[in-house]
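This note is addressed to a colleague who is beginning to read protein structures. The points below are best read with the model in view.

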Amino acid sequence: MYDRIIVPIDGSDGSDRVAAHAAALASVHGAELHGVYVVNAGSFAGLPMESSWEGLDDLLREDAEAAVELVERAASARDIPVETHILEGTPSREIVEFAERGECDLIVMGTHGRGGIDRLLLGSVAEKVVRASSVPVLTVRIEGGQESDPLVDVASAESEAGASADSGTDAAATADE
């Protein structure tokens, strides 16, 4: 069903959970994984001119490299093909354009679960991607979720479900034991 999965990553807390989820889906579907980090240099446009720009680009690139490394580690753990991409621009726009241009089948991205006034004032990259993308988007809540990784080994769960369907046992009970 999925051949190319994109996982936009920002390196924030919980990003490893999103990367693991995307890697598990890619593993089950035999898909390649594309980790994408968008450097939003426009967010620094308001800095005073006397601020030192020296080293700022290097810091942004270091953050980007650390973030896409999470995707590489998740893919490596499941032995799936992975490519990483560091883009520049407006995050939601770059993510949608990359997914559509690269003929991706699914976007897997985290959401911080903001609500109320925070959501109104800050907006959400995930929400903007969901609204603008012609590619299906799977959001993984990374804030306020369970402490342990809620992602059951998808391949094992599917094989257990198939086995229990054959033997007439309850798949949910088998997966929990």
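**Notes on helices, sheet and salt bridges**

1. In this predicted model, a set of residues in helix α1 meets a set in helix α2. On the α1 side these are Ser15, Asp16, Ala19, Ala20, Ala23, Ala24 and Ser27, and on the α2 side Leu70, Val71, Ala74, Ala75 and Arg78.

2. The geometry of this helix pair deserves a separate remark. The axes of α1 (residues 15–29) and α2 come within 8 Å and cross at roughly 40°. With that angle, α1 counts as oblique to α2, because angles under 35 degrees would be roughly parallel and those from 65 to 115 roughly perpendicular. The crossing of α1 past α2 is right-handed.

3. The sheet should be considered next. It is open and is formed by five strands in the order β3-β2-β1-β4-β5, with parallel pairing. The strands at the edges are β3 (82–88) and β5 (137–141); each has a single partner strand, so one side of each has no neighbour in the sheet. From one strand to the next, the twist averages 25°. As general background, strands of a sheet pair through backbone hydrogen bonds, in either a parallel or an antiparallel manner.

4. One strand pair may be examined in detail. Strand β2 (residues 32–39) pairs with β3 in the parallel sense, over seven bridges. Tyrosine 37 stands opposite isoleucine 86, a residue of β3.

5. Which helices lie across strands β4 and β5 or across β1, β2, β3 and β4? Helix α3 (residues 91–101) lies across β1 (4–8), β2, β3 and β4 (106–111), and runs at about 150° to β2. Helix α5 (residues 125–132) lies across β4 and β5, and runs at about 155° to β4. Both directions are roughly antiparallel to the named strand, because angles over 145 degrees are classed in that way.

6. The charged side chains form a further topic. Side chains of opposite charge can pair when their charged atoms come close. The structure holds four salt bridges, and three of them are described in the points that follow.

7. One salt bridge joins the side chains of glutamate 88 and arginine 61, at 2.2 Å from N to O. This pair links distant parts of the chain: glutamate 88 belongs to strand β3 and arginine 61 to helix α2 (residues 56–78), 27 residues apart. Glutamate 88 has 46% relative accessibility and therefore counts as partly exposed. Arginine 61, at 25%, also counts as partly exposed.

8. Another salt bridge lies within helix α2. The side chains of glutamate 69 and arginine 73 meet at 2.9 Å, N to O. Because the two residues are four apart in α2, about one helical turn separates them. Glutamate 69 is partly exposed at 38% relative accessibility, and arginine 73 is partly exposed with a relative accessible area of 47%.

9. Is each partner in the salt bridge of helix α5 exposed or partly exposed, and what are the values? The side chains concerned are those of glutamate 127 and arginine 131, which meet at 2.9 Å, N to O. Both residues lie in α5, four residues apart, or about one turn of the helix. Glutamate 127 counts as partly exposed at 22% relative accessibility, whereas arginine 131, at 66%, counts as exposed, because the exposed class begins over 50%.

Conventions. Residues are numbered from 1 along each chain as its sequence is written. This is a predicted model: local features need pLDDT of at least 70, side-chain atom pairs count only at pLDDT 80 or more; totals for chains, interfaces and linings use all residues. Side-chain values use heavy atoms; hydrogens and water are left out. Two strands pair if DSSP finds at least two bridges between them. Axes are lines fitted to C-alpha atoms, for helices over the stretch in contact, and angles run from 0 to 180 degrees between N-to-C directions. Contact means heavy atoms within 4.5 Å. Buried means under 20% relative accessible area, exposed over 50%, partly exposed in between (1.4 Å probe, protein chains only). A crossing is left-handed if the near helix is turned anticlockwise from the far one by less than a right angle, and right-handed if clockwise.
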